[in-house]
Amino acid sequence: VDIFVGSKAVDKLLESTWAKTRNSSERYRPYLPTREAATKFCGRMLAKGYFYRALKVELKSKKDVEENPKKKKGKKEEDKKGSDREGDDAGKVKKRKYKLEVCSDNEQIFIDGNEVYVWNYSPTRPWTYVIGIFVVLAGLGASLFPLWPAQMRVGVWYLSTGLAGLLGVFFGVALLRYVIFVGLWLITHGTHRFWLLPNLTEDCGFWESFKPLYTIEYEYDDDDDEEEE
């Protein structure tokens, strides 16, 4: 994500050629003569969706969250004791690093200040061009299939037949598991529920879809048990 500060963006615009004249004899005035004009120009870009205003939210680390209040008190006491030593190191400034999360702001306006803005730009990745070229070459190769050597055509035929067979086996097993479930459910009057490959059609990994091999659930009514007693 590319972010920028509003005041720095205005400064860059005022330093550009759009805010200056090329020579004193030029008739045309600069497009951005003042800072207010540059701010309005950024506001128009924001309205057209080139970027959007964001908020910086400080993220707490796991150490800060898991830290006990007693430890915090101990740190405060140590800070008080070490305040006397800060006189020698007054000229040294310690920089603290923060992890910031940028989120969208409901009030989308441009302000010439320390507000943060995010560019709304999604460039085309090189991998997209590679995939496009591959699709074009694959289409050309498929259209020239009659000109392929005989061995390659036979190999493609065996490969396509094998894939079609695998799809047929998959749909056959999926249909068979429902037939077995309904058959046992009717025979046992709904007390037995047998699933062959219960995760076959679930949203899981390839190997997880074949585990477990089967599951059986038993359900008995309490009324039947009381009648038997």
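This is a short tour of a predicted protein model, stop by stop, with something to select at each one.

**Stop 1: the whole chain**

Start with the cartoon view and colour it by secondary structure. You should find 7 helices and 6 strands. Walking along the sequence, the order is β-α-α-β-α-α-β-β-α-α-β-β-α.

Now switch on the surface. The protein exposes about 20,200 Å², and 58% of that area is supplied by carbon and sulfur atoms. Of the 229 residues, 15% count as buried. How much of the contact network links residues 24 or more positions apart? Such pairs account for 59% of the contacts with a separation of 6 or more.

**Stop 2: the largest nonpolar core**

Select F4, L13, L32, C42, F51, F110 and Y117, and show their side chains. They are the residues with the most contacts inside the largest nonpolar core, which has 14 residues. Two helices to highlight here are α1 (6–15) and α2 (35–47), since each supplies at least two residues of this core. Which element gives the largest share? That is α2, with 5 residues.

Next, centre the view on F51. Apart from its neighbours within four places in sequence, F51 is in contact with F4, C42, M45, L46, F110, Y117, V118, W119 and N120. Try colouring the aromatic residues in this part of the model: F4, F51, F110, Y117 and W119 form one aromatic cluster.

**Stop 3: a serine in helix α1**

Stay with helix α1 and select S7, which is placed in it. Is S7 buried or exposed? Its relative accessibility is 15%, so S7 counts as buried, the cut-off for buried being under 20%.

Show what surrounds S7. Leaving out neighbours within four places in sequence, its contacts are R35, D112, G113 and N114. If your viewer has a distance tool, try it on the C-alpha atoms of S7 and R35: they are separated by 9.9 Å, and the two residues are 28 residues apart along the chain.

**Stop 4: a nonpolar patch on the surface**

Turn the surface back on and select W127, V130, I131, F134 and V135. Together these residues form a nonpolar patch on the surface, with about 570 Å² of accessible area. Pick out V130, which sits in helix α5 (residues 126–143). V130 counts as partly exposed because its relative accessibility is 44%, between the limits of 20% and 50%.

**Stop 5: two residues with positive phi**

Select H189 first. This residue lies in the loop between α6 (150–187) and β5. H189 has a positive phi of about 60 degrees, although it is not a glycine.

Then jump to L197, in the loop between β5 and β6. L197 is also not a glycine, and its phi is positive at about 50 degrees. Which of these two is buried, and which is exposed? H189 counts as exposed, at 72% relative accessibility, whereas L197 counts as buried, at 9%.

**Stop 6: a cis peptide bond**

Keep the loop between β5 (192–196) and β6 (214–218) in view, and select P212, which is placed there. Look at the bond that joins K211 and P212: this is a cis peptide bond, with omega at about -10 degrees.

**Stop 7: aromatic pairs**

The last stop is about rings. A pair of aromatic rings is described by the distance of the centres and the angle of the planes. The model has 15 aromatic pairs.

Select F206 and W207. Their ring centres are 5.1 Å apart and their planes stand at 80 degrees, so this pair is edge-to-face. Both residues can be checked on the surface too: F206 is exposed, with a relative accessible area of 55%, and W207 counts as exposed, at 62%.

Now add F210 to the selection. F206 and F210 form an aromatic pair that is edge-to-face, with 5.4 Å from centre to centre and 70 degrees between the planes. F210 itself counts as partly exposed, at 39% relative accessibility.

Notes:
Residues numbered from 1 in each chain as written. Heavy atoms only, no water. Helix = DSSP H or I, 4+ residues; strand = E, 2+ residues; numbered from the N terminus. Buried < 20%, exposed > 50% of the residue type's maximum accessible area, 1.4 Å probe, protein only. Contact = heavy atoms within 4.5 Å. Areas by Shrake-Rupley, 256 points an atom, 1.4 Å probe, with all protein chains shown as cover. Core = buried A, V, L, I, M, F, W, Y, C linked by side-chain atoms within 4.5 Å. Patch = residues over 30% accessible without salt bridge, like charges linked within 9 Å, V, L, I, M, F, W, Y side chains within 5 Å. Salt bridge = Lys/Arg side-chain N within 4 Å of Asp/Glu carboxyl O. Phe/Tyr/Trp six-rings, centres within 6.5 Å; stacked < 30°, edge-to-face > 60°.
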